[in-house]
Structures are given as structure tokens and as C-alpha cells.
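Me: Pick one part of this and take me through it closely, please. I'd like to see how that part sits with its surroundings.

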Amino acid sequence: MNEVELLKLIKKISLESFSYPFNGKAKINYRFKTTGGRYHLKDHHIEINAHFLKKEYRKDLIGIIKHELCHYYLHTHQMGYKHQNRDFKILLKQVGGSRYAPDIGLAKKIKYTYQCINCHKLYYRIRRIDLKKYVCGKCHHKLILLK
Ligand SMILES: [Zn+2]
Ligand SMILES: [Zn+2]
């Protein structure tokens with residue numbers, strides 16, 4: 001599945017499950033490890049983990065797309081679009097989106113867990129990363145190795 005086909009699928013699910021058109025873009029992410037997808041608030045694009053584009057993960061893929069579309073729908077309707085918001089929880093349940101990225105064995109490959117010293121976001125990596133070079137993608141503070 002390429003990005004054009006992925007976008008088509010996202011648009012289709014958006015109309016079918018949300019009765020609302022998706023006007024953002026779709027991107028395939030080849031670096032996501034435990035993340036299934038991500039919705040970007042700034043330009044409304046949705047990123048999907050390349051692992052889930054294989055045929056055998058179609059059910060998981062649809063669950064991930066629905067999850068990201070919940071963010072999109074609620075965000076564009078000025079409603080609670082964050083995971084902890086009531087609106088999000090209710091809508092996610094309604095459309096049957098996935099709560100977490102489905103485990104397809106990626107977790108087993110992860111050897112290193114890093115955490116941002118400031119915002120405490122966790123980063124999972126298969127290989128060691130250079131802590132002098134890499135900082136938190138969210139707040140640009142330093143990372144520490146947890147295990
Ligand atoms: Zn989410
Ligand atoms: Zn941070």
C-alpha cells in the first residue's frame with residue numbers, strides 16, 4: 001500500500017465511520033516502533049506505521065486509522081481530542097478504534113528505553129542512540145537511558 005492508497009482508505013473510513021470528510025494528508029512512517037499512528041495538529045496529517053500496511057494487519061490498520069481520525073474529528077470540532085478527554089474516549093468506543101498500537105512483535109525487539117528528563121516522554125529503540133546528538137523530539141531536552 002502506498003501513500004495514495006492509504007489516503008484513500010483514510011478518507012473512506014472517515015466518511016463511513018464519522019460521516020465527515022478527511023481533508024488532511026497521509027504519510028507512511030518507517031521509523032515508528034511501538035507507535036501505530038500519529039495525528040498532527042498543525043496540518044491535520046496522519047502518519048501510519050509502515051508495518052501495519054501489510055495485508056495481514058488490515059484489521060489492526062483500520063483500528064489505528066479510526067483512532068487517529070478520532071483525534072482529527074474532535075480537534076476540527078473544537079472538542080476534547082486528547083487521550084484523557086471524555087469526548088475522545090466516547091468517540092473511540094463508538095467507532096471501534098484501537099486504544100493502543102497492536103503488538104506485532106515489535107516490543108520484543110526493543111532493547112533500549114530512553115526517557116526525556118523534562119517531559120518524561122519515553123523513546124523505545126532497537127539500537128543504542130547517541131545521547132550527545134539526540135534530544136527529546138517534543139521539548140528538546142536531554143534523554144537518559146532507562147534500561
Ligand atoms: Zn492517539
Ligand atoms: Zn521532552
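Reply: A helix is expected to span 1.5 Å times one less than its number of residues. Let's take helix α2 (residues 58-76), where a helix is a DSSP run of H or I of at least four residues and a strand a run of E of at least two, numbered from the N terminus. With 19 residues, α2 should span 27 Å, and its end C-alpha atoms are 26 Å apart, so the two figures agree. Just after α2 comes Q78, with a positive phi near 50°.

Some ground rules: this is a predicted model, in which local features need pLDDT of at least 70 and side-chain atom pairs pLDDT 80 or more, totals for chains, interfaces and linings use all residues, and side-chain values use heavy atoms, without hydrogens or water. Residues are numbered from 1 along each chain as written, chains are lettered from A, and ligands are numbered from 1 in written order.

Now for what α2 leans on. There's an open, mixed sheet of 3 strands in the order β1-β3-β2 (pairing takes at least two DSSP bridges). Its edges are β1 (26-29) and β2 (37-39), each paired on one side only, and the twist averages 20° from one strand to the next. Strands β2 and β3 (residues 46-49) run antiparallel, joined by 3 bridges, and G37 has I48 of β3 as its bridge partner. Helix α1 (residues 3-18) packs on the sheet against β1 and β3, about 120° from the direction of β1. Helix α2 packs on it too, touching β2 and β3, and its direction makes about 10° with that of β2. Here contact means heavy atoms within 4.5 Å, and angles run from 0 to 180 degrees between N-to-C directions of axes fitted to C-alpha atoms, for helices over the stretch in contact.

α2 also carries metal ligands. H67, H71 and H83 each offer NE2 to the zinc ion (ligand 1), at 2.0 to 2.1 Å, with the spacing H-x3-H-x11-H. Donors are N, O or S atoms within 2.8 Å of the metal (3.2 Å for Na, K and Ca), and sites may look incomplete because water is not among the atoms. H67 and H71 are 4 residues apart in α2, so about one helical turn separates them. H67 is buried at 8% relative accessible area, and H71 counts as buried at 11% (buried is under 20%, exposed over 50%, partly exposed in between; 1.4 Å probe, protein chains only).
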